[in-house]
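Visitor: I'd like a close look at a single part of this model, starting with one helix. Once you're done there, feel free to wander over to the aromatic side chains.

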Amino acid sequence: MEMLSGAEMVIRSLQDEGVKHIFGYPGGSVLDIYDALFQCSDIEHFLVRHEQAAVHMADGYTRATGKVGCVLVTSGPGATNCITGIATAYMDSIPMVVLSGQVPTNFIGDDAFQETDMIGVSRPVVKHSFLCKKAEDIPIAIKKAFYLAASGRPGPVVVDLPKDVQNPKLKFPYQYPEAVHMRSYNPTLSGHKGQIKRAVKALMAAKRPVLYVGGGAINANASADVIHLAEQCNLPVATTLMGLGAFPGTHNQSIGMLGMHGTYEANMSMHNADLIFAVGARFDDRVTNAVDKFCPNATIMHIDIDPTSISKIINADIPIVGSIEVVLGQMQTMIAEMDALKEQEDLSAWWQLINTWRERECLVYEKSDTVIKPQQVIEALYKVTKGDAIVTSDVGQHQMFGALYYPFKKPRQWINSGGLGTMGFGFPAAMGCKVALPDEEVVCITGDGSIQMNIQELSTCMQYNIPVKIVSLNNRSLGMVKQWQKMFYEGRQSHSYMDSVPDFVKLAEAYHHVGIRVDKPEDLEPALEKAFAMKDRLVFLDIAVDPEEHVYPMQVKFGSMQDMFLSKTERT
């Protein structure tokens with residue numbers, strides 16, 4: 001049997017798990033692992049400039065591919081710098097393994113130099129965590145970490161590795177497990193047949209159904225099943241922010257994103273539905289608005305692999321625990337066996353009503369000859385990229401404009417922080433996407449506030465030649481904060497203006513990238529075309545947009561789904 005040190009076991013375990021890329025930052029407690037990595041040619045390491053960016057890169061890598069992202073950082077501040085990224089992944093159910101260094105086992109609890117209880121600090125925002133106190137524990141811990149991260153409801157897993165456990169002078173027998181069996185962890189994949197039969201009957205009997213699709217459908221690679229069911233049953237489909245792309249935004253049965261900034265037709269359809277079929281969605285507050293007013297006349301059907309998510313916020317009349325892909329397959333079989341489509345209600349009147357809501361054209365906005373509207377930027381971006389780019393975003397107005405005005409045609413095309421709402425996510429996530437899929441066009445939609453959270457990663461892009469495109473909607477403010485202040489705080493702009501915004505063109509050029517400033521509407525599309533023609537260069541587009549533009553529609557707080565602001569002067 002091969003004899004390896006603990007540090008060598010870490011790298012060999014990653015190799016045996018099929019890891020090809022890892023994102024990290026070295027430090028004292030992981031130098032033995034980095035030395036072992038130096039001697040490994042199978043894994044490419046990307047040295048970030050801040051550990052938070054390493055986690056966001058791994059996150060983007062995972063969202064774009066479905067593969068488990070991997071991070072390696074040192075103890076203490078190196079590990080704690082990862083917490084925001086780990087929490088981002090946790091909230092959005094993104095599989096990830098974070099390897100963190102730790103002080104020697106005999107120093108744990110003594111407040112040693114760069115000691116932090118990473119297991120304790122990360123516990124609320126991980127799916128599971130491991131502390132390896134012996135080198136022999138490393139292979140099984142890493143195998144379990146990858147298994148737990150990717151199975152069931154996905155999520156991040158931390159593996160904490162004390163310095164002495166990595167000792168390169170001590171060798172132990174190495175064997176990587178082929179599989180793991182955890183008695184207390186057995187995610188349910190198949191749905192209960194009785195519940196599925198109830199669901200099919202309810203779906204066929206519904207006169208005003210809506211298929212409500214969330215990010216879980218993308219995690220489960222169930223997009224094809226969602227499309228098949230929707231087309232087979234002629235269902236209107238509303239998607240969450242995280243679910244965009246699970247059903248094509250260009251499809252005639254798509255009624256758009258629902259929720260806080262959802263379309264008029266999506267929110268009106270939800271409120272007036274007699275059946276809501278939730279697939280991989282969790283009824284979070286950015287969708288439901290006031291829970292006691294949510295879809296008052298609807299029967300709720302809910303598929304989720306995580307039983308704790310069902311009836312957590314909105315009571316499910318027909319709950320189905322299982323993998324979305326498996327359950328939807330079972331539904332298809334049941335529909336065929338029951339010949340159920342013969343019994344389906346005629347939905348023509350429902351579609352006629354939905355089309356009257358569509359005629360409101362809630363995304364139409366007033367253009368200007370002198371100032372660039374943020375909506376124009378996204379529309380021009382869609383045109384120049386032909387709707388085929390992988391789009392990441394930061395968090396704020398630009399995120400909502402991106403979600404509403406770039407119709408996503410396929411899953412894993414829209415990459416953003418939904419649950420935690422993490423500013424600074426978009427740029428490193430775009431980098432991770434580009435590393436994973438170098439032949440794809442990757443663009444980050446950001447704002448002058450968000451981009452400065454991790455702007456130091458321009459250096460990482462320079463070192464590794466990661467040619468993403470950055471489209472910054474520069475309104476010299478924290479746009480969404482300012483919008484709320486104008487709407488709900490009598491216009492008091494408390495610390496939401498950013499009067500000291502840097503010259504982003506010069507900043508990009510300082511990192512040896514290309515910077516382009518756009519101030520006039522007529523220059524917008526040519527600038528985008530120029531940027532995307534430079535395939536092998538990072539291009540930073542600093543686009544001056546109307547600082548007074550708001551994101552609409554917007555739900556009225558404490559109202560129902562049909563209660564919306566449609567513009568600065570109109571509400572439902």
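Guide: Quick bit of vocabulary: a helix here is a DSSP run of H or I with at least four residues, and helices are numbered from the N terminus. Keep in mind, too, that this is a predicted model.

Let's zoom in on H5, which covers residues 83-91. Its buried residues are Ile83, Gly85, Ile86, Ala87, Thr88 and Ala89. What do they pack against? Three helices are on the list, namely H3 (51-65), H4 (77-80) and H6 (118-122), along with strands S5 (96-102) and S7 (156-162). Just past the end of H5, Ser93 adopts a positive phi of about 60°.

Now for the rings. The model has 15 aromatic pairs by the ring-centre rule. One of them joins Tyr382 and Tyr406: the ring centres are 4.9 Å apart and the planes meet at 85°, so this pair is edge-to-face. It ties together distant parts of the chain, with Tyr382 in helix H15 (residues 374-385) and Tyr406 in the loop between helix H16 (397-405) and strand S16 (414-415), 24 residues apart. Tyr406 is at 0% relative accessible area and therefore buried, while Tyr382, at 22%, is partly exposed.

Phe401 and Tyr405 make another pair, with centres 6.4 Å apart and planes at 50°, so that one is tilted. Both of these residues lie in helix H16, 4 residues apart, or about one turn of the helix. Each counts as buried, Phe401 because its relative accessibility is 3% and Tyr405 because its value is 9%.

Elsewhere, Phe23, Phe46, Tyr61 and Tyr464 come together as one aromatic cluster. There's a charge over a ring as well: the charged end of Arg571 sits over Phe565, 5.5 Å from the ring centre.

One more tyrosine to check out is Tyr511, in the loop between helix H20 (504-510) and strand S19 (514-518). Its relative accessibility is 23%, so Tyr511 counts as partly exposed. Which residues does Tyr511 contact, leaving aside neighbours within four places in sequence? Those are Gln456, Leu458, Ser459 and Met462. Met182, by contrast, is 329 residues away from Tyr511 in sequence and 48 Å away in space, C-alpha to C-alpha.

Key: Residues numbered from 1 in each chain as written. Predicted model: local features only at pLDDT ≥ 70, side-chain atom pairs only at ≥ 80, totals over all residues. Heavy atoms only, no water. Helix = DSSP H or I, 4+ residues; strand = E, 2+ residues; numbered from the N terminus. Buried < 20%, exposed > 50% of the residue type's maximum accessible area, 1.4 Å probe, protein only. Contact = heavy atoms within 4.5 Å. Phe/Tyr/Trp six-rings, centres within 6.5 Å; stacked < 30°, edge-to-face > 60°. Lys NZ or Arg CZ within 6 Å of the ring centre and 35° of its normal.
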